[in-house]
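User: Can you walk me through how this fold packs its inside? Here's the model.

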Amino acid sequence: MHSEVSQSAQRVAERLLEKKAQDIRIVDISGMTIIADAFVIASGRTVVQTRALYDELLEKEGPPRRAEGYAAGRWIMMDYGDILVHIFHEEEREFYDLERLWDRG
């Protein structure tokens, strides 16, 4: 992962942490796909919190190229080009387990 992508992903992770996101992970997917270089994955305890995490990134990082899932608030995806942010409700995160799907090991 390029250092500027790594720094951007770290900044996004820190903003999510400031808003009390749970279990924040940065997953390097560079070389595995052309869709992005990294995922930032985080969990919220409630639909209200997942939306608040989205709103925080929208305010601090600006609008993503694309976003999906805000209305339901169970899995919100934000596309920032080299970084895809996935904000999950805890139950959906456990079910979809993106970290396992994209594990390099």
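Analyst: Some ground rules: helices (H or I, at least four residues) and strands (E, at least two) are DSSP runs, numbered from the N terminus, and the expected span of a helix is 1.5 Å times one less than its number of residues. It's a predicted model, where local features need pLDDT of at least 70, side-chain atom pairs count only at pLDDT 80 or more, and totals for chains, interfaces and linings use all residues. Residues are numbered from 1 along each chain as its sequence is written, and side-chain values use heavy atoms, with hydrogens and water left out.

User: What span does α1 reach from its first C-alpha to its last?

Analyst: α1 has 16 residues. At 1.5 Å a residue, 22 Å is expected, and the span comes close to that, at 22 Å.

User: Why do the buried residues of α1 sit on the same side?

Analyst: Buried means under 20% relative accessible area, exposed over 50%, partly exposed in between (1.4 Å probe, protein chains only). In α1 the buried ones are V5, A9, V12, A13, R15 and L16. They share a side of α1 because they cover an arc (of the directions from the helix axis to the C-beta atoms) of only 160 degrees.

User: Which element gives the most to the largest nonpolar core?

Analyst: Such a core is a set of buried Ala, Val, Leu, Ile, Met, Phe, Trp, Tyr and Cys residues joined through side-chain atoms within 4.5 Å. The largest has 17 residues, with L16 and V85 among those with the most contacts inside it. α1, β2, α2, β4 and β5 each supply at least two. With 5 residues, the top contributor is α1.
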